[in-house]
Amino acid sequence: MDFSVLRNLISRYCAGEEYWVDSRTVYIGHKEPPPAAEAYIPQRYPDNRIVSSKYTLWNFIPKNLFEQFRRIANFYFLLIFLVQLIIDTPTSPVTSGLPLFFVITVTAIKQGYEDWLRHKADCSINECPVDMVQQGTVVRTQSSKLRVGDVVMVREDETFPCDLLLLSSSHDDGTCYVTTTSLDGESSHKTYYAVPDTMDFKTEQKVDSLHATIECEQPQPDLYKFVGRINIYKEREDPIARSLGAENLLLRGATLKNTEHIYAVAIYTGMDTKMALNYQSKSQKRSAVEKSMNAFLIVYLCILISKAVINTVLKYAWQWSVDRDEPWYNHRTEIDRERHVVIRAFTDFLAFMVLFNYIIPVSMYVTVEMQKFLGSYFIAWDKDMYDEELGVGAQVNTSDLNEELGQVEYVFTDKTGTLTENNMEFIECCVDGHVYIPHAICNGQILSAASSIDMIDSSPGGYRREHEDLFFRALCLCHTVQVKEEETVDSIKRGIHLGKPTSFYISSSPDEVALVEGMKRLGYTYLRLKDSHMEILNKDDEIERFELLHVLNFDSVRRRMSVIVKSSSGEYLLFCKGADTSIFPRVVSGKVEQVRARVEQNAVEGLRTLCVAYRSLSPVEYEETCHQLDDAKLALQDREQRLAQAYDLIERDFTLLGATAVEDRLQEKAADTIESLQKAGMKVWVLTGDKMETAAATCYASKLFRRSTQILELTKKRTEEQSLHDVLFDLSRTVLRQRTLSGLSVECQDYGLIIDGATLSAVLKPSPESSGSGNYREIFLEISRNCSAVLCCRMAPLQKAQIVKLIKASKEHPITLAIGDGANDVSMILEAHVGIGIMGKEGRQAARNSDYAIPKFKHLKKMLLVHGHLYYVRIAELVQYFFYKNVCFIFPQFLYQFFCGFSQQPLYDTAYLTLYNISFTSLPILLYSLIEKHISIETLKRDPTLYRDVAKNSLLRWPVFLYWTCLGLFNACIFFFGAYFLFDNTTFTSNGQLMTTNTQMMFGNWTFGTLVFTVLVFTVTLKLALDTHHWTWINHFVIWGSLLFYVIFSLLWGGIIWPFLNYQRMYYVFMQMLSSGPAWLGIILLITISLLPDVVKKVLCRTLWPTATERAQSNRPCLTVELSTIFVLTQSDNRLSF
Amino acid sequence: MAPSYNAKEEDGHQPGATGHGGAGTMTNKKPDNTAFKQQRLPAWQPILTAGTVLPAFFVIGLIFIPIGFILIVYGLTLLIDYTGVDMSSPCYNCSQSYSWNNTQSCTCSVHFSLDQPFESNVFMYYGLSNFYQNHRRYVKSRDDSQLNGDKTSLQYHICTLNRCSKECEPYRSSDKPIAPCGAIANSLFNDTLELYYIDPNGSRTAIPLVKKGIAWWTDKHVKFRNPSGNNNLTVVFQGTSKPVNWRKPVFELDPLDSDNNGFINEDFIVWMRTAALPTFRKLYCIIQKKPNNMTPTLPRGEYILEVTYNYPVRSFDGRKRMILSTISWMGGKNPFLGIAYITVGSVCFCLGLVLLSIHYRYGKRNNSAEISS
């Protein structure tokens, strides 16, 4: 036993580093162990301060700046800014410095504020009082002063200050009740146990006298795992070692309930606590839109660099003759002349970069971020996704993926609690093939008394009677349900319980509650667990007591649980309940056939079935069992594995008693939702741990499979008959033949695939010797790709994630969505592109780890078809428009270089350069991307096929991008050459006669730029106006308002001699331009020409090749006029056949 | 990481905030049923269809075409190149024998005739080509505060402390600070143009050229100002030197008219407004219409343009031109704008026709298909 300690010591010293230690030793109350036991090695642990804040007052500025400039975009803008500062550039550093400064400051303020809140929260947590036991008295200190090894007293309703090991509680049996709502959302009270040997240390003085050490693993984030051992030293006795498990560890953040007080010792403190370890940031998910945006950015960066290179090269080619380089009227300074030509060329290149850098604007990032952040509020605000019953609406955990909701191609859904209510109702049980149905099961109404049992039985025989008794007792004993007294529940009063003090059952598994409640209706009431005795009120109102000896907990691998009890007559009994597949192989006697038939029948009806079996143990066998269990529980290494082995040995040779059936009803509108999703072109996969028959029944009920669907089975049953290889090839042949046959026909045979966990792992198993492994995977993908629906049953949680990963990595790289409600779905939620959690009964763990959480499955429809679609359309327009308007903005400046001797003369004034993206054109697009609604919400909901219009990132594909860019280039050329010809060919003057104070005058280069800029601002704003399909008063206000703002700003900017500027080049330029008739005519003409092609393209496309969306848009006026439902129906039918 | 972390912490501090109990506390989280939050704001929902766009196209066509014709018809322009590149041209000699130090000015006279009389006010421009007034080094080579009458930027010792604009380099100072400094001012156009009408009887009549009222009013009265303090500009500009290429200092630009001298000389102001393109023209003067209104401002006939040839353009392949133009209510003669308007108008009209036919053939079919089914 001490060997491992020794080994630890050796490894510790050999490694010479503390962090190599794989376990930690905690000395309770900091008391050294007796010298004989082992050497006292002080270890250093962090104190109990929680630091969630990122910054301190001192490092805020450098650290925050560092963080911000790690973003590639910010770094790029910083670089541009620095270049402007260092070299002589055409635009002042203000033009890029100001926006950058603005963005950085706003972000810093936001992050600083958040961090300040975190500091405040940290402070209040760290300073909250804690009762510590020191020298036999209770001392009140601050939570942050707590150290590993301190003994702490916690009172009822207090939250644990760190991860504690329970030593003793005010309950005699050394148990305490805890709720972990804030950790994993499970509201049930969980029971934690003290080690029997420390149970009696119930006062401060006694606890202080405790002399023990705890060895346990180093902190790790798994909430449900803890392995340790306690060594208790008593005088003149060998130390006693006891194993410790998760049931002994009280986690920080959990709250003590129904227990007066406990004593516990701190094991993990501060940032080592499981809670702190669990709040590490999740890996960042990036949406497809973001990826295309980055691709576009790279294209634009290339354009930018090539523009700069072209201009630099042309500049030096053009300047070859000295008369061009330095004509007599325009000499260089001496310093400039002396510079080496390479340096000059490089500086010129940088200057061109600076001049054109606005093509990638800072504001795009800000706008996209704002759009995502603000836009996500519409999801949370949606009252259609609010659930009255739960009192919650949709919840957005990350706003980065809004648009991804409009791109989903695969939906992976959990069954239990997601498709179904997870509101279990006991339907029937069957003992040896005889069926018992409690009636009056509707509405959760419980009729007490045994009279309600309706037995479909015929001949009660002695043998049967015995089994029946055992069966009901088994169900009453074999569970982990707790009884909650009415008065301990604060706020909930279930209507049916009003009046009389009743208790109800709480468990982490709703099946168990349903079973125990079902038993109650059948006359066997489980009363409570008291002093490790379970009390049952049987049919004859007698209380039976069983001593609970061992609980072999449920786990998803074994899929069963057992209890070992000692009846009052001294008999040792092992009751086991579990899935049929895990019970039947272990049964040696009992009416297996009858029960199996019943189980299968129930499964087909979509009921959840459990089998119940027992085994009676002789005292000798019991001793042996105890020994095995204790051995396994004490193990420090591989405890899980050894426990599993022990369970495997114990749970065998069963006598089958019977089976139960529990119904889990489909969620409201689940079928409708699935149908809509399928119509929208999504493939729906159901991944469940349930058995095939039950899952398939649910699938049929939820219309995932139809009667016409041909089911392909890829299950263990089939692979046992044929080899996996053959089955796979068979199926793929079926599917592919069908496809080639139906290549031309409209109606395609629907396929549904059912695969189970065992077969799946065989398919995915990498087997190096057979070349077929990768092959199997491909064939499987090929088959599933041709199936409209896939059901995966008997899935372990990790397998769910594996499937998602498999599909994600397949060659089309489809966008996946995973939706689930339980802890077993978390892995797939994290794996999928979009993870959606259902705020269901199985705790909030799924909702917490998801990107979006919704109350019910039916809300997925609106989430994807409406919100997803709209967000995608909005952000796609946002991205394209941003690139478009910057091409329009910068390309004229590029063209101007050809007419100013490549001298980097900016076309626009500094103020225009700076404010174009910040204020003149930013608000309309932001607003558009927030509230644009190209089709009404009702239409989107009614017609799921519209979703196909935006599938596969269709609005951000390269052809569309190219179209926008070409449109931008075309507009830029119109702006520039339009103005060029106006200035070049004509005496472009204003009308002298009309203005009394002013005569005709010539216009200079700044008027030229202002003219181009005015046309530019109007054109891009009007282009957006043309794209807007939903004109609310806000749109009118912002679009016309921003144009007005431009005009007012220009008037003001040119209207005053600004004292702080060292140039006055814009003075009266705008006003003079407006006083000229040709300028007006030119502006109107150029705007018209610029907008014309886009309008024509739109009209032609709509008339000649309308998309489904456009049809729906055109139909809208008709629909609003004649609101005939028949018309609507024919419409949608018509669309379907298209 | 952290925000969610805090939220959880706070949850933990609420006693009894269990999932069941949540129903009571969380009802206030129910979203407001406002039109904005539910994205149901009343809205106008226009769609661009052939039907809605058609009238707009026809209207644009009908408006643009007449405007174009008006723009094309009005206005007269005459352009005379007097650079003297050809041996045959009268200014060839002057253009060859050029140096800045030449105190002897070279004159040449160009003959031309007008086929049409120029009515109303006639504007006379000088035009330069291949002259990069929009070169960046050139554009910024000025000191706006100096031109605005800021005395400090006229003083040498302050300039050495880098208080005055560095942009003027290398035309900032010779031994004394240069006023006006910078490349733009230094290269002020200094040809003198004079116009004579040759009567049929052979006698020359000088045509009065008005050199005032050619700059922007705001430039002349606000942006450009002589340094204040003394009416005698000679005193004000003491301690400064003239730009290198100038023949005379700034206070002698128009010694006869104090309102047109110094920085507020209108020729100077016009020159200081840098042109947008390398080929440009600038207003030289106005020939005002005759008061009696009976005879045209410039009657049909023979004319002589007398040029005092000072300005060198040969080195950079430039051209010098003299342009005479009348101005209509829509500005000067404007062939580009007129043609563009006519073109766009006709294109719109044609597109309208095309769309009309498409609308009738396809739009009807779509609609009828949808309704009949």
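Modeller: Two strands pair if DSSP finds at least two bridges between them. Strands are DSSP runs of E with at least two residues, and helices are H or I runs of at least four, numbered from the N terminus. This is a predicted model: local features need pLDDT of at least 70, side-chain atom pairs count only at pLDDT 80 or more, and totals for chains, interfaces and linings use all residues, while side-chain values use heavy atoms, without hydrogens or water. Residues are numbered from 1 along each chain as its sequence is written, with chains lettered from A and ligands numbered from 1 in the order written.

Biologist: In which sense do β33 and β34 of chain A pair?

Modeller: β33 spans residues 816–820 and β34 spans 834–838. Ala818(A) stands opposite Gly835(A) in β34(A). Four bridges join the two strands, and their sense is parallel.

Biologist: Which strands stand at the edges of the nine-strand open sheet?

Modeller: The order in chain A is β14-β35-β34-β33-β15-β29-β32-β31-β30, with mixed pairing. An edge strand here has a single partner, so one side is left without a neighbour in the sheet. That fits β14 (395–396) and β30 (710–714) of chain A.

Biologist: Where does the UniProt "active site" residue Asp414(A) lie?

Modeller: The feature comes from an unreviewed UniProt entry. Such annotations may be inferred rather than shown by experiment. The residue belongs to a strand covering 410–414 of chain A, namely β15.

Biologist: Is Asp414(A) buried or exposed?

Modeller: Buried means under 20% relative accessible area, exposed over 50%, and partly exposed in between (1.4 Å probe, protein chains only). Asp414(A) has 3% relative accessibility, so it counts as buried.

Biologist: Which side chain makes a polar contact with the side chain of Asp414(A)?

Modeller: A polar contact is a pair of N or O atoms within 3.5 Å; within protein, one must be able to donate a hydrogen and the other to accept it, and residues adjacent in sequence count only if both atoms are side-chain atoms. Contact in general means heavy atoms within 4.5 Å. Beyond four places in sequence, the contacts of Asp414(A) include Leu687(A), Asp821(A) and Met828(A). The polar one, at 3.2 Å, is with Lys800(A).

Biologist: How many residues of β27 in chain A are buried?

Modeller: β27 runs from 607 to 617. It pairs antiparallel with β25 (572–578) over seven bridges, and with β28 (654–666) over eight. The strand is largely enclosed by the rest of the structure, because the buried count out of 11 residues is 10.
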